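Here is a short tour for someone meeting this structure for the first time. Have a look at the fold, then read on.

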Amino acid sequence: MSQIVDDVAADVETPDDAEQRRLGERLRRLRTERKWSLTELAEESGVSRAMINRVERGVSSPTATILGRLSGAFGLTVSQLLDESLEHEVPRATDPDEARGVQRGATADSWTDPDTGYRRRPVSSADFPADVTEVRLPAGREVAYPASAYAFLRHCIWVLDGTLELVVGDAVTRLGTGDRIELGEPADVVYRNTGDEPTRYVVVVVRGR
């Protein structure tokens with residue numbers, strides 16, 4: 001009896017497993033649409049062929065840095081790459097007394113970096129003309145994104161709680177609660193929390209200038 005229960009439990013897909021599977025399907029579909037082989041995507045993104053294969057099969061969850069490299073290769077924002085895998089849609093209320101287009105905080109989707117615990121939650125829907133994302137970065141952690149992830153973008157960072165050390169190329173900027181910064185030309189970027197408490201910030205991304 002115990003063995004049967006164990007076997008059934010092993011077959012049940014957890015929310016994390018489902019998210020991982022959907023991201024793999026999304027990545028494979030994007031690659032197929034461009035008629036790229038695994039090797040070609042690896043060359044475009046700088047992510048190993050083996051890692052891409054594991055992500056596509058849903059057996060490995062990519063880090064934030066890997067997502068940044070893959071999104072840059074496809075000419076997408078990280079939010080756009082994740083959007084279908086998170087199944088993020090703004091619900092429409094059926095009650096006329098309810099505001100339309102409201103997304104309740106309790107139902108909001110999020111994605112968490114398996115290495116650092118960095119968590120990003122989309123605030124805007126896929127149809128909104130800008131990507132608005134809330135990020136929580138645990139104390140003592142950092143996340144790096146390559147310049148390729150910003151090659152076609154402009155973005156603004158607004159710190160809501162805590163402190164954030166931003167390394168853009170060789171320049172280091174320290175931001176506190178309420179501070180904002182707009183980034184210029186594409187460069188490698190490291191988001192670093194050197195404090196003792198989690199940092200929460202918002203990233204607003206738009207295409208072009």
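Two strands count as paired if DSSP finds at least two bridges between them. Keep that in mind for the strands below. One more thing before we start: this is a predicted model.

## A pair of strands

Let's begin with β4 (residues 142–145) and β9 (residues 189–192). Four bridges join these two strands, and they run antiparallel. Within the pair, Val-143 of β4 sits opposite Tyr-191 in β9.

In a regular strand, side chains alternate between the two faces of the sheet. You can follow that pattern along β4: Val-143 and Tyr-145 point to one face and are buried, while Glu-142 and Ala-144 point to the other and are not.

## The open sheet

Elsewhere, six strands make an open sheet, ordered β1-β2-β3-β10-β5-β8, with antiparallel pairing. β1 (111–112) and β8 (180–183) stand at the edges with a single partner strand each, so one side of each has no neighbour in the sheet.

How many bridges join β5 to β8? There are four, between antiparallel strands, with β5 covering residues 153–161. If you want a place to look, find Ile-157, whose bridge partner in β8 is Ile-181.

## The nonpolar core

Nonpolar side chains tend to be buried together in soluble globular proteins. Here the largest nonpolar core has 42 residues, and those with the most contacts inside it are Tyr-118, Ile-157, Leu-164, Tyr-191 and Tyr-201. Helix α5 (residues 64–74) gives this core its largest share, six residues.

Tyr-118 is a good one to zoom in on. Leaving aside neighbours within four places in sequence, its contacts include Ala-64, Trp-111, Val-143, Tyr-145 and Tyr-201. Ala-64 is itself one of the buried residues of α5.

## Helix α5

Is α5 mostly covered or mostly open? It's mostly covered, with nine of its 11 residues buried. Among them are Ile-66, Leu-67, Leu-70 and Phe-74. Right after the helix comes Gly-75, with a positive phi near 70 degrees.

## The largest pocket

The largest pocket holds about 270 Å³ of space. Its lining has 24 residues, and Thr-77, Ser-79, Gln-80, Ala-126 and Asp-131 lie nearest the centre. By type, the lining splits into 12 nonpolar, seven polar and five charged residues.

Which element gives the most to this lining? That's α6, with five residues. At least two residues each come from α6 (78–86), β2 (119–122), β3 (131–137) and β10 (199–207).

Definitions and conventions. Residues numbered from 1 in each chain as written. Predicted model: local features only at pLDDT ≥ 70, side-chain atom pairs only at ≥ 80, totals over all residues. Heavy atoms only, no water. Core = buried A, V, L, I, M, F, W, Y, C linked by side-chain atoms within 4.5 Å. Buried < 20%, exposed > 50% of the residue type's maximum accessible area, 1.4 Å probe, protein only. Contact = heavy atoms within 4.5 Å. 1 Å grid on protein atoms, 1.4 Å probe; cavity = no way out; pocket = protein on both sides within 12 Å on 5 of 7 lines; lining within 4 Å. Points joined across faces, edges and corners; volume = space filled by probe spheres on them. Nonpolar A, V, L, I, M, F, W, Y, C, P; charged D, E, K, R; others polar.
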